[in-house]
Amino acid sequence: MFEFIKKIISSKNSLLRGKKLENGLLESWKRQGLLIEHVQDYAIFMLDSKGFVVTWNPGAERIMGYAEQEIVGQHFSCFYTQEDQGKAKPAQEIQFAALKGRVEEEGWRKRKDGTLFWASTVITAIYDQEKTLLGFAKVTRDLTERKKNEEELKRVHSELEKNVEKRTLELSKTNQELKKEIAERKRAEAALKLKTEELERSNKELEQFAYIASHDLQEPLYIIGGFADSIREQGAQNLDEESLFLLGRIQKASHRMSQLITDLLQYAKVNVQKDSFERVDLNLLIQEILVELDLKIKESRAMIQVNPLPQVYANKLQMRQLFQNLIMNAIKYRKKDVPLELIISVHPSERCFVEIRLQDNGIGFEPEYSSKILEPFQRLHSRGEYEGSGLGLAICQKIISRHGGKIEAKSVPEQGAIFSVTLPCKREECGGMTNKIL
């Protein structure tokens with residue numbers, strides 16, 4: 001190695017001057033132990049005090065692209081870009097190294113073929129014992145791959161920041177829209193609450209009016225009916241046929257009006273009555289209703305089958321009115337030439353609900369009227385065919401709604417009808433006694 005260095009120093013291409021410098025460099029390399037022939041990953045070479053290349057290792061040839069005979073004696077500025085050369089950067093670096101003893105730097109460097117690579121360089125000044133500058137040792141490492149990774153990382157980071165910024169703006173916009181939507185929803189809810197309160201107040205006033213008006217209307221009706229009855233009883237022999245006919249019309253109209261007022265009172269009472277929910281045994285309740293309706297059941301030759309029914313928590317008076325109306329409805333709309341058959345039974349339903357069905361073999365109705373018949377004053381037949389005020393099923397609907405349940409009607413003309421009443425159980429009883437069929 002020492003012979004190799006000595007040979008390089010003595011070559012005709014060397015610009016070293018003076019025996020002292022030659023011996024100094026040789027002694028310096030001996031002292032540093034820079035035996036670098038086999039180093040491949042680093043370009044390690046020697047510069048004289050002016051910056052001309054003195055030595056060249058295999059790593060320098062691999063990284064820089066120059067063979068030893070091509071580069072020794074050349075100035076190291078050829079490794080720098082045109083821009084850096086224009087700024088006198090090579091001269092500045094060796095001047096700084098001579099002043100400070102060492103300089104480290106990263107930047108773009110140029111290979112023999114003109115391609116650039118990202119280099120990490122260290123230039124170290126070499127002095128003899130008398131502090132005379134002998135030259136410089138330069139170590140260069142190719143960090144292009146690392147530079148590419150850093151640039152890629154910066155690019156990804158920049159894109160990520162842009163995406164985050166974009167997403168933040170989108171979220172901010174969405175958040176503002178959401179706040180606006182929430183504010184609008186709150187305003188709508190407040191308006192709806194106000195409207196609901198107004199509607200409830202209006203309904204309450206209307207129900208109270210119907211309740212009071214119905215009471216007030218009953219008295220003159222009683223008088224009219226009483227007078228008509230007295231005339232028929234006391235003076236019928238003095239009336240001609242037309243007068244008797246008109247008197248009968250008065251009595252029928254009075255009776256119908258009285259029934260209508262009674263039904264209106266019942267309809268109004270559904271919401272006016274105070275809550276008094278209790279455990280109601282539907283078996284006992286319906287048996288009591290059948291006893292009360294015994295005469296009508298016999299007159300219509302009705303056969304009513306009551307299967308075991310559950311207990312429910314409800315207002316007992318309203319449950320009585322509900323099932324009485326439904327049974328009377330079946331009796332009213334029976335076929336004229338066929339005895340009524342009515343089956344009352346319980347059927348599986350959702351958890352915490354029970355479903356009671358009343359199935360008859362009556363005249364039925366068109367399926368499209370399933371909802372209409374549950375509305376107030378909705379009739380499918382004239383009063384000449386079937387009497388009634390048109391409020392019976394509407395009262396049932398109102399009672400069921402008040403109990404948090406539902407009522408449905410299904411039918412086909414001449415094939416009977418099915419009325420399904422679904423009632424909720426009491427929560428703490430759900431799955432227990434409430435669903436138990438007795």
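A salt bridge, as the term is used here, is a side-chain nitrogen of Lys or Arg within 4 Å of a carboxyl oxygen of Asp or Glu. With that in place, I turn to the structure, which is a predicted model.

By this rule, the model holds 19 salt bridges. Allow me to begin with Glu105. Its side chain meets that of Arg109 in a salt bridge, at 2.5 Å from N to O. Are these two residues buried or exposed? Both Glu105 and Arg109 are buried.

Glu105 also forms a salt bridge with Lys89, again given as 2.5 Å from N to O. Because Glu105 belongs to strand β2, residues 102-110, and Lys89 to helix α6, residues 89-100, this pair ties together parts that are 16 residues apart in sequence.

A further salt bridge joins the side chains of Arg320 and Glu292, at 3.1 Å from N to O. Here the link is between distant parts of the chain: Arg320 sits in helix α11 and Glu292 in helix α9, residues 282-292, with their positions 28 residues apart in the numbering. Why is Arg320 counted as buried? Its relative accessibility is 18%, and the cut-off for buried is under 20%.

Through shared partners, salt bridges join Lys89, Glu93, Glu105 and Arg109 into one network.

Finally, I come to helix α11 itself, residues 316-332. The helix spans 24 Å from its first C-alpha to its last, close to the 24 Å expected for its 17 residues. Of these, 12 are buried, among them Met319, Leu322, Phe323 and Ile327. At the start of α11, a side-chain oxygen of Asn315 comes to within 3.2 Å of the backbone nitrogen of Leu317.

Key
Residues numbered from 1 in each chain as written. Predicted model: local features only at pLDDT ≥ 70, side-chain atom pairs only at ≥ 80, totals over all residues. Heavy atoms only, no water. Helix = DSSP H or I, 4+ residues; strand = E, 2+ residues; numbered from the N terminus. Expected span 1.5 Å × (residues − 1). Buried < 20%, exposed > 50% of the residue type's maximum accessible area, 1.4 Å probe, protein only. Polar contact = N/O pair within 3.5 Å; in protein donor to acceptor, adjacent residues only side chain to side chain.
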